[in-house]
Structure formats: C-alpha cells, structure tokens
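Student: I would like a close look at a single part of this model. Please explain each term as you go.

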Amino acid sequence: RMAPEVAPGATASAAFEINPGHAAAPFWRLSLTHAERRNLAEPGGKASFAFTLPTLDVCPVRLGPRALGLRPCAYGSVVLLKVWGDGTLRNETHSRVSGAAGLAAWLGWRVSEAFEIIADARAGFPFRRDEFALNGDVFFKTPTPGFSFGLGAAGGFP
C-alpha cells in the first residue's frame with residue numbers, strides 16, 4: 001500500500017531451496033518488484049506514484065507434500081519511492097528510501113518437476129509512515145500495517 005489505489009506492476013525473483021521434498025527445507029527468495037500508479041485525480045491536481053522494492057523472504061520450513069506446500073516466512077524490503085504531482089500550484093517530485101518487514105505465507109502448487117504456480121501474501125509494518133498532499137491537502141496516509149498479495153508462476157531446475 002504505497003499508493004492510494006492498486007498499483008499494477010511486475011516482480012522477478014530468484015530462489016534457493018535446501019533439502020526439497022522435506023519439511024525442513026529452508027528457502028530463500030530475492031525479489032525485485034516495480035509498480036506504478038499514475039494520474040490519480042485528487043483534490044488540487046493529479047498524483048503519481050512509482051516504487052521499486054527489493055525483498056528478501058526467508059522461509060525455514062515447507063508444510064505439506066511436495067506437490068502442494070505452504071511456507072511460513074519472514075521478509076524484509078527496501079522501498080524506493082518516487083511521487084510527483086501535476087496540475088498543482090507547484091508541480092513537485094519527491095523521492096525517498098524506506099523499508100518494511102513482516103510475515104508472509106507462500107503457497108506453491110508443483111505442476112511438474114520444473115514448473116510451479118505460486119500465491120503469496122504479506123503483512124508488514126513500514127519503518128515509517130508517509131502522508132501525501134497536493135497544495136497542502138492530505139489525500140493519503142500509508143497504512144500500518146500494510147498488506148500485499150501476489151500470484152505467479154515459477155520455473156526451475158528439478
């Protein structure tokens with residue numbers, strides 16, 4: 001929830017698992033997400049948000065069979081945020097770096113030895129809260145905690 005509305009984007013990840021097929025199968029995933037939401041009509045002008053998040057997931061165990069497994073995880077993210085306004089008294093652009101950490105759940109359905117469908121969810125706390133305003137009127141405050149959900153596909157080496 002870095003923007004007041006859903007921000008479409010994409011994520012690329014690289015993951016490493018030790019001891020696949022067992023409950024004690026530590027898993028690390030490094031992801032890079034980029035999303036943007038542009039030209040949101042707000043009182044006083046239009047606001048645009050772009051953010052990039054490198055994220056590290058650490059998942060100590062895999063629950064369930066290899067074909068359909070659930071992983072409880074902890075995560076940490078660095079947030080690189082750029083926000084700008086158009087049609088305001090002073091068109092401004094601001095950039096900043098922050099972060100977030102929390103808990104995640106990862107559900108993987110292994111379709112074949114080299115292909116998996118993945119759903120994940122996160123709940124975390126930002127290291128700081130932000131307020132966004134156009135011409136002095138606040139239109140969005142980042143929530144605490146923040147939530148995110150994702151659905152994707154993964155390929156790998158059997």
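Student: In which sense do β4 and strand β5 (residues 93–112) pair, and over how many bridges?

Tutor: The model is predicted, so local features need pLDDT of at least 70 and side-chain atom pairs count only at pLDDT 80 or more, while totals for chains, interfaces and linings use all residues. Residues are numbered from 1 along each chain as its sequence is written, and side-chain values use heavy atoms, leaving out hydrogens and water.

β4 and β5 pair in the antiparallel sense, over 17 bridges. Here strands are DSSP runs of E, at least two residues long, numbered from the N terminus, and pairing requires at least two DSSP bridges. One of the bridges matches Ser77 with Ala100 in β5.

Both strands belong to an open sheet of seven, in the order β1-β2-β3-β4-β5-β6-β9, with antiparallel pairing. β4 thus has β3 on its other side in that order. The edges are β1 (9–17) and β9 (146–155), each of which pairs on one side only.

A disulfide (two cysteine sulfur atoms within 2.5 Å) joins Cys59 to Cys73, with 2.0 Å from S to S. Cys59 sits in β3 and Cys73 in β4, 14 residues apart. The structure holds one disulfide. The link is right-handed, with 95° about the S-S bond. Cys59 and Cys73 are both buried; buried means under 20% relative accessible area with a 1.4 Å probe and protein chains only, exposed means over 50%, and partly exposed lies in between.

β4 also carries Arg71, whose side chain meets that of Glu17 in a salt bridge at 2.2 Å, N to O. The term covers a side-chain nitrogen of Lys or Arg within 4 Å of a carboxyl oxygen of Asp or Glu. Glu17 is in β1, 54 residues from Arg71 in the chain. Arg71 is buried, at 0% relative accessible area, whereas Glu17 is partly exposed, at 22%. A search of the whole structure finds 12 salt bridges.

Last come the nonpolar cores, sets of buried Ala, Val, Leu, Ile, Met, Phe, Trp, Tyr and Cys residues joined through side-chain atoms within 4.5 Å. The largest has 15 residues, including Leu81. β4 (68–86) is among the strands that each supply at least two of its residues, as are β2 (27–42), β3 (45–59), β7 (131–134) and β8 (137–141). The largest share, four residues, comes from β3. Apart from this core lies another, of eight residues, and Cys59 and Cys73 are among them.
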